[in-house]
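Got a fold in front of you and a list of labels to justify? Let's go through some of them and see what stands behind each one.

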Amino acid sequence: MTGVSGVSPGSSSSQTNSRGLQVNQNQFIELFIAQLKHQDPLAPTDTNQMLTQLSQISSVESLNSIDERIGGLTSSLQQTQALGAVGLVGKEVWVGSNSLTVDETGEYSGQAELQVNASDVLIRVYTPDGTLVQSQSLGQQSAGVIPFTLDELKPGQYIVTATGVNDNVAYTGKLSMKSTVTGVNMTGAGAELKLDGMGSVPLSSISMIGD
């Protein structure tokens, strides 16, 4: 299902913290006034001590103001992020991930990034319990991004690995998988994209948009 869900501007925790600071500030002022009313006229409160207490009141007010500003800024950033994420619905994206959820049998495109030349590159697909279900050799490859395609996988969860071999030394490749954005979720940590065949991933995990 396509759409945005769970958008909740603002942070309830920041509002709670703000209320907590306000209560502490009021209590502080009440205690300060009570101290002035009941001070010993023969031994009044030290002037320096009073100035210190007044500066503490100012600090509490400043913290309260900063907390409210941060809360407003966070809300604004989340709304901007949500609007940007909605624009990705229906588009193809590349995600830095080695996990794959197959809903129906078909072709799934991926990329392996290797830092060294390899005499052979092996793409392997495992089930979550470690059972090897597919393996393919891409042959000799130069360092860089190497595309591959997975097919004939039954519906289920899979882990994909890419290994480059050079002089009998194995190197692990960095994987990206291609998918289509079907929707957007807003969470307390920011926007998450719903991807066809990959579940939900953070917006920050998108490495490339389009082909």
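What follows is a set of questions and answers on a predicted model.

Q: What makes up the chain in terms of helices and strands, and what percentage counts as buried?
A: The chain has two helices and 13 strands. Of its 211 residues, 29% count as buried. As for contacts with a separation of 6 or more, 70% are between residues 24 or more positions apart.

Q: Why is Gln-134 called buried?
A: Its relative accessibility is 16%. Buried means under 20%, so with 16% Gln-134 counts as buried. You'll find Gln-134 in strand S6, residues 132-137.

Q: How do you know that the side chain of Gln-134 has a polar contact with Asp-151?
A: A polar atom of that side chain lies 2.8 Å from the backbone oxygen of Asp-151. The cut-off for a polar contact is 3.5 Å, and 2.8 Å is within 3.5 Å, so the pair fits on distance.

Q: Which residues does Gln-134 touch, leaving out those up to four places away in sequence?
A: Gln-134 touches Ile-123, Arg-124 and Val-125, and also Leu-150, Asp-151 and Leu-153. Touching here takes heavy atoms within 4.5 Å.

Q: What makes S5 and S6 a pair?
A: Two strands pair if there are at least two bridges between them. S5 and S6 have five bridges, in the antiparallel sense, so they pair. Want one to look at? Leu-122 stands opposite Ser-137 in S6. The two strands form a hairpin with five residues between them, where Gly-130 takes a positive phi near 95 degrees.

Q: How do you know that S5 also pairs with S8?
A: Same style of check: at least two bridges are needed, and seven join strand S5 (residues 120-126) to strand S8 (residues 156-166), so these two pair as well. They run antiparallel. For an example, take Arg-124, whose bridge partner in S8 is Thr-161.

Q: Why is Ser-179 called buried?
A: Ser-179 has a relative accessibility of 4%. Since buried means under 20%, Ser-179 counts as buried. Ser-179 lies in strand S10.

Q: What does the side chain of Ser-179 have a polar atom 2.5 Å from?
A: That would be the backbone oxygen of Asp-196. With a cut-off of 3.5 Å for a polar contact, 2.5 Å is within the limit, so this pair fits on distance too. Not counting residues up to four places away in sequence, Ser-179 touches Lys-91, Glu-92, Val-93, Leu-195, Asp-196 and Met-198.

Q: Which strands does S10 pair with, and how many bridges are there?
A: Strand S2 (residues 92-95) pairs with S10 over four bridges, S4 pairs with S10 over four bridges, and strand S11 (residues 190-195) pairs with S10 over six. At least two bridges make a pair, so each of these qualifies. The sense is antiparallel for S2, for S4 and for S11. Some pairs to click on: Val-95 stands opposite Met-177 in S10, Ala-112 has Leu-175 as its bridge partner in S10, and Asn-185 stands opposite Glu-192 in S11. S10 and S11 form a hairpin with two residues between them.

Q: Why is Asn-98 called partly exposed?
A: Its relative accessible area is 36%. Under 20% would be buried and over 50% exposed; 36% falls in between, so Asn-98 is partly exposed. Asn-98 sits in the loop between S2 and strand S3 (99-102). In sequence, Asn-98 and Met-177 are 79 residues apart, but their C-alpha atoms are 7.3 Å apart in space. Leaving aside neighbours within four places, Asn-98 is in contact with Tyr-158, Ile-159, Val-160 and Leu-175.

Q: What lines the largest pocket, and which strand gives the largest share?
A: The lining is Trp-94, Gly-96, Gln-111, Ala-112, Glu-113, Val-145, Lys-174, Ser-176, Ser-207 and Met-208. Two or more residues come from each of strands S4 (108-114), S10 (174-187) and S13 (206-209). The largest share is from S4, with three residues. By class, that lining has four nonpolar, four polar and two charged residues. The space in this largest pocket is about 150 Å³.

Notes. Residues are numbered from 1 along each chain as its sequence is written. This is a predicted model: local features need pLDDT of at least 70, side-chain atom pairs count only at pLDDT 80 or more; totals for chains, interfaces and linings use all residues. Side-chain values use heavy atoms; hydrogens and water are left out. Buried means under 20% relative accessible area, exposed over 50%, partly exposed in between (1.4 Å probe, protein chains only). A polar contact is a pair of N or O atoms within 3.5 Å; within protein, one must be able to donate a hydrogen and the other to accept it, and residues adjacent in sequence count only if both atoms are side-chain atoms. On a 1 Å grid over the protein atoms alone, a cavity is a set of points where a 1.4 Å probe fits but cannot get out, and a pocket is an open set with protein on both sides within 12 Å along at least five of seven lines; lining residues have an atom within 4 Å of a point. Grid points are joined across faces, edges and corners, and a volume is the space filled by probe spheres set on the points. Ala, Val, Leu, Ile, Met, Phe, Trp, Tyr, Cys and Pro count as nonpolar, Asp, Glu, Lys and Arg as charged, and the others, Gly among them, as polar.
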